[in-house]
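Me: Please take a close look at one part of this model, the strand pairing inside one chain, and then place that part in its wider setting.

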Protein chains: 2
Amino acid sequence: MNEEIRQASELFESMEPARAISRKAYQQLLTDLRADLLQAQIELADTRQSVIITIAGVDGAGKGEIIQLLNEWLDPRGLETHSFWNQESEVAHRPYQWRFWQAIPRRGRMHIWFGGMYADVIAEGVEHRHPQAWIADRSQEILAFEDMLQADGTSHLKLWLHLNKGTQRRRLKDLYENPKEHWRAMRDDWKYHNLYEAFSENAAEVISLTHVQKSPWRVVDASDKSWRNIEVGRILHEHMLQAIRTHKAKEKKPKQKSWSRQCQKNWLDEVDLRQRLTNQVYHDELIQHQARCHRLFWEAYERKIPTVLVFEGWDAAGKGSAIKRVTAAIDARLYRIVSVAAPTEEEHQFHYLWRFWKPLPPSGRITIFDRSWYGRVLVERIEGFAQSNEWQRAYQEINTFEDQLVQHGCVLCKFWIHISKEKQLERFQKRLEIPYKRHKITEEDWRNRKQWPAYQEAINDMIDLTHTDQAPWTLIAGNNKKFARIQILKTVCASLEKALSGGANHG
Amino acid sequence: MNEEIRQASELFESMEPARAISRKAYQQLLTDLRADLLQAQIELADTRQSVIITIAGVDGAGKGEIIQLLNEWLDPRGLETHSFWNQESEVAHRPYQWRFWQAIPRRGRMHIWFGGMYADVIAEGVEHRHPQAWIADRSQEILAFEDMLQADGTSHLKLWLHLNKGTQRRRLKDLYENPKEHWRAMRDDWKYHNLYEAFSENAAEVISLTHVQKSPWRVVDASDKSWRNIEVGRILHEHMLQAIRTHKAKEKKPKQKSWSRQCQKNWLDEVDLRQRLTNQVYHDELIQHQARCHRLFWEAYERKIPTVLVFEGWDAAGKGSAIKRVTAAIDARLYRIVSVAAPTEEEHQFHYLWRFWKPLPPSGRITIFDRSWYGRVLVERIEGFAQSNEWQRAYQEINTFEDQLVQHGCVLCKFWIHISKEKQLERFQKRLEIPYKRHKITEEDWRNRKQWPAYQEAINDMIDLTHTDQAPWTLIAGNNKKFARIQILKTVCASLEKALSGGANHG
């Protein structure tokens with residue numbers, strides 16, 4: 001027995017054993033508990049905290065019953081139940097985490113996750129006899145996800161309903177022998193019972209790897225139903241009160257984190273802005289690379305490889321016109337452009353990455369982000385829309401997010417289009433002269449321009465901290481638009497070619 | 001040649017033929033047009049109107065190019081492009097219209113639909129040689145959809161880019177012979193060219209059937225690109241101005257529609273509220289029907305048949321506890337409960353049915369609505385949240401919506417749980433005595449109670465106007481909760497049995 005399993009077994013054994021509760025005592029406990037839960041739910045609704053309740057555990061321990069009860073006890077207007085079972089067609093080749101991002105609660109709400117992120121990992125581990133390293137990787141992914149949400153105010157209550165093998169067998173026997181209950185029994189119940197050891201061992205490993213101080217597992221002895229119900233309610237109530245306290249503490253003392261980072265390298269200064277293309281070369285290369293792009297995107301479609309293109313750059317750097325040169329080479333049925341503006345009221349109700357998960361491409365499709373999640377560490381940092389601790393942790397969050405995309409087989413290109421301050425002024429002035437371009441220059445552009453040095457620093461930090469092996473930045477010299485467009489097309493083609501030469505089909 | 005095709009051919013022939021435009025004139029026209037379009041877009045953004053631009057037409061006419069151009073001309077922050085091509089995995093057995101409801105613009109915005117609802121109908125008509133009746137049915141469905149959105153402020157600009165067969169051939173030849181362009185050619189171009197007649201005939205039929213005064217087709221000669229671009233821009237601009245005018249007219253003179261309907265039948269009075277069950281009978285039947293339900297829902301899952309259950313009723317009628325008796329019989333992975341409250345700010349940005357389309361069940365799953373779209377003709381009617389013309393047209397809209405669900409193969413049960421006014425008072429008072437039920441009684445409940453006669457009238461109208469063959473109401477005598485629960489379980493089981501005996505698998 002390895003170390004993790006030993007630890008987890010201790011967790012199981014250390015759980016408080018069920019004690020009998022008289023029917024009368026149960027009714028009284030329940031009455032008080034329900035009033036408490038409702039009161040806490042009302043208070044929670046007014047906070048910026050939300051709760052995800054994962055219900056996991058041994059078969060026969062009553063996960064479904066507990067979910068029914070919670071739905072009965074709590075006000076359904078603040079509660080949703082999500083199950084992630086057999087929804088392959090729904091998630092359509094998005095990264096594994098996509099389905100969970102679609103199911104996170106808005107601020108003040110609670111969601112119940114049946115099995116949550118754990119059900120699959122435990123079941124698949126048993127079924128496919130995955131090596132320990134696989135389980136360790138999945139567990140790390142789950143923790144990264146929980147961490148990210150927790151920092152944003154979504155806490156996780158992870159409940160494990162436990163039965164030992166003997167009790168499970170008795171429970172199953174009772175189920176089959178009780179004419180009032182036997183219809184609840186499932187065809188596969190006994191099969192799983194026979195796998196009890198393998199299942200428990202896997203579960204123990206996953207639990208032990210994800211039993212961390214910030215987000216510990218709570219193990220409940222499910223051998224007695226009354227005890228189980230009261231325990232779950234009690235633990236949930238305690239968890240809700242904690243979430244409410246967290247909110248109050250945050251309100252009282254917003255975290256200000258200082259940032260004394262000194263970027264070692266001035267990335268922007270290394271871009272040679274003198275690079276340019278003549279008209280003739282531009283037109284020849286444009287056709288050549290658009291044709292190549294066109295072919296490659298169809299090939300990626302057939303091989304089910306999705307693509308994400310991220311365009312960032314100074315105002316008037318030429319993002320829009322560069323995007324047009326790319327989309328001109330893609331069949332209009334394959335791509336989608338997402339123009340990112342300030343988040344809406346609705347979007348503010350979730351983690352800031354939420355709104356970027358939703359439009360991720362299904363298999364073989366392309367999503368083009370005209371500005372992106374990097375707003376968090378650019379405009380939101382500079383204008384103070386994000387608190388200092390929020391944007392500071394965003395670098396790591398973004399790296400995790402992009403890593404998930406790439407792990408999933410997505411082609412990801414990130415462009416920063418750089419121009420000089422003089423070139424920006426020249427373009428602003430030119431735009432003012434063209435009637436249909438005038439609207440593109442707003443007060444905000446002039447205000448941003450005044451912040452040039454602050455942006456310079458933020459951009460350098462951004463590149464320094466998010467230029468990873470899996471998701472490198474491509475810095476584009478944008479003073480000459482023609483040069484920039486060809487560079488972008490070339491980079492996109494090269495990335496696609498690399499992914500396509502990777503061999504196996506995807507998805 | 002039948003009548004429809006003759007009419008449509010006339011439409012094609014009546015289109016203004018392309019005239020050559022000099023390069024210089026084109027530039028000037030374009031400059032003015034782009035400024036006009038942007039200005040109109042800014043004005044539109046402040047209205048409650050939105051626009052869906054369907055781009056359809058003959059292959060080679062440049063649908064993709066036009067979409068590129070519109071994306072270039074308009075501010076991308078108010079524009080989205082949707083294509084509905086090959087997204088089977090996305091729509092996962094929802095009714096055909098589901099994908100289109102997910103793609104409607106919010107108020108003040110514009111969406112481009114590549115091919116829109118027409119592409120499939122025309123292409124499938126050719127491929128499967130569907131009979132005329134099939135095309136006529138599909139066309140009626142499209143018109144119903146357009147009508148419904150139009151009444152709510154979303155207008156449709158339906159553009160047909162036309163080429164005759166000779167021009168299509170020349171366009172294709174040019175494409176293949178021009179080294180700068182031939183990469184744009186698609187493998188299937190010539191195949192489709194050879195089907196030109198069949199395609200045109202089908203298109204002509206669909207167009208003629210959906211060319212109505214409220215939402216006419218606009219046919220553009222695409223044989224000259226400059227002409228085509230300017231024409232499309234001009235027509236779009238005109239359409240946007242019309243939408244802005246419509247908004248202003250509505251603002252000035254909100255439509256008040258009188259309602260002098262006299263319901264022939266007092267539906268509620270026909271419910272025998274004395275019906276009741278003894279404890280013993282209740283418990284026996286509960287087990288029996290829950291077991292039956294459990295088995296049937298699994299069978300429906302396997303047969304991919306989705307289910308929608310709608311629960312409506314007086315306050316304190318026992319909706320919640322009845323739902324619990326149903327869900328106790330369904331595996332928690334199969335169902336989802338949607339608790340309907342007042343629409344959010346976000347939801348107000350769309351047609352009121354929008355928020356009910358989204359959670360419709362994929363194949364084999366169950367969605368339970370705790371209150372539903374009927375709020376439109378109950379609380380919104382009585383409290384004046386919907387204008388009189390809005391709730392008055394809702395009856396028909398709801399019938400259309402439910403018909404689409406049923407046509408799709410969905411099992412649909414609608415319950416109105418009826419109780420007497422005295423019984424309501426008794427339950428209100430009882431709730432106040434139980435700590436965890438106290439929150440269920442709010443000011444609103446007492447206010448609603450005062451409106452009992454107004455609700456009585458609205459409920460009778462509702463049942464009278466939406467009790468259809470495909471989607472009948474089941475009125476439940478709710479004074480005795482036990483009786484009500486069993487009736488509901490029996491009805492659900494019977495509906496499932498009927499659907500399952502229907503034979504063929506679904507989806």
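Reply: The account below begins with one strand and moves outward to cores, domains and the contact between chains.

This is a predicted model, in which local features need pLDDT of at least 70 and side-chain atom pairs count only at pLDDT 80 or more, while totals for chains, interfaces and linings use all residues. Residues are numbered from 1 along each chain as its sequence is written, and chains are lettered from A and ligands numbered from 1 in the order in which they are written.

The part chosen is strand 6 of chain B, residues 307–313. Helices (H or I, at least four residues) and strands (E, at least two) are DSSP runs numbered from the N terminus. Seven of the seven residues of strand 6 of chain B are buried, a residue being buried if 20 or more other C-beta atoms lie within 10 Å of its own, exposed if 12 or fewer, and partly exposed in between, with C-beta atoms placed from the backbone. B:Thr307, B:Leu309, B:Phe311 and B:Gly313 point one way, and B:Val308, B:Val310 and B:Glu312 point the other way. In a regular strand the side chains alternate between the two faces of the sheet.

Strand 6 of chain B has partners in strand 8 and strand 9 of chain B; two strands pair if DSSP finds at least two bridges between them. Five bridges join strand 6 of chain B to strand 8 (residues 366–370), in parallel, and B:Leu309 stands opposite B:Ile368 there. Seven bridges link strand 6 of chain B to strand 9 (residues 411–418), also parallel, with B:Val310 opposite B:Lys414.

Turning to the cores, a nonpolar core is a set of buried Ala, Val, Leu, Ile, Met, Phe, Trp, Tyr and Cys residues joined through C-beta atoms within 7 Å. The largest has 111 residues, and A:Ile53, A:Leu159, A:Leu309, A:Val326 and A:Val492 have the most contacts inside it. Helix 20 of chain A (residues 481–500) gives the most to this core, nine residues. At least three residues of this core come from each of domain 1 (3–252) and domain 2 (269–500) of chain A, the bounds coming from an automatic or database domain assignment. Apart from this core lies another, of 110 residues, among them B:Ile55, B:Tyr118, B:Trp314 and B:Cys413.

The two domains of chain A have C-alpha centres 40 Å apart. Across their boundary, 16 residues of domain 1 are in contact with 16 residues of domain 2, contact requiring C-beta atoms, placed from the backbone, within 7 Å. On the domain 1 side, helix 7 of chain A supplies the largest share, four residues.

Finally, the chains themselves meet: the contact takes 40 residues from chain A and 41 residues from chain B. The chain A side divides into 17 nonpolar, ten polar and 13 charged residues; Ala, Val, Leu, Ile, Met, Phe, Trp, Tyr, Cys and Pro count as nonpolar, Asp, Glu, Lys and Arg as charged, and the others, Gly among them, as polar. Chain A can be laid on chain B with an RMSD of 0.0 Å by a turn of 180° and a shift of 0.0 Å along the axis, which is the relation of a two-fold axis. This superposition is by least squares on the C-alpha atoms of residues with pLDDT of at least 70 in both copies. Because 98% of the interface residues of chain A are also interface residues in chain B, the copies meet through the same surface.

Terms used
Contact = placed C-beta atoms within 7 Å.
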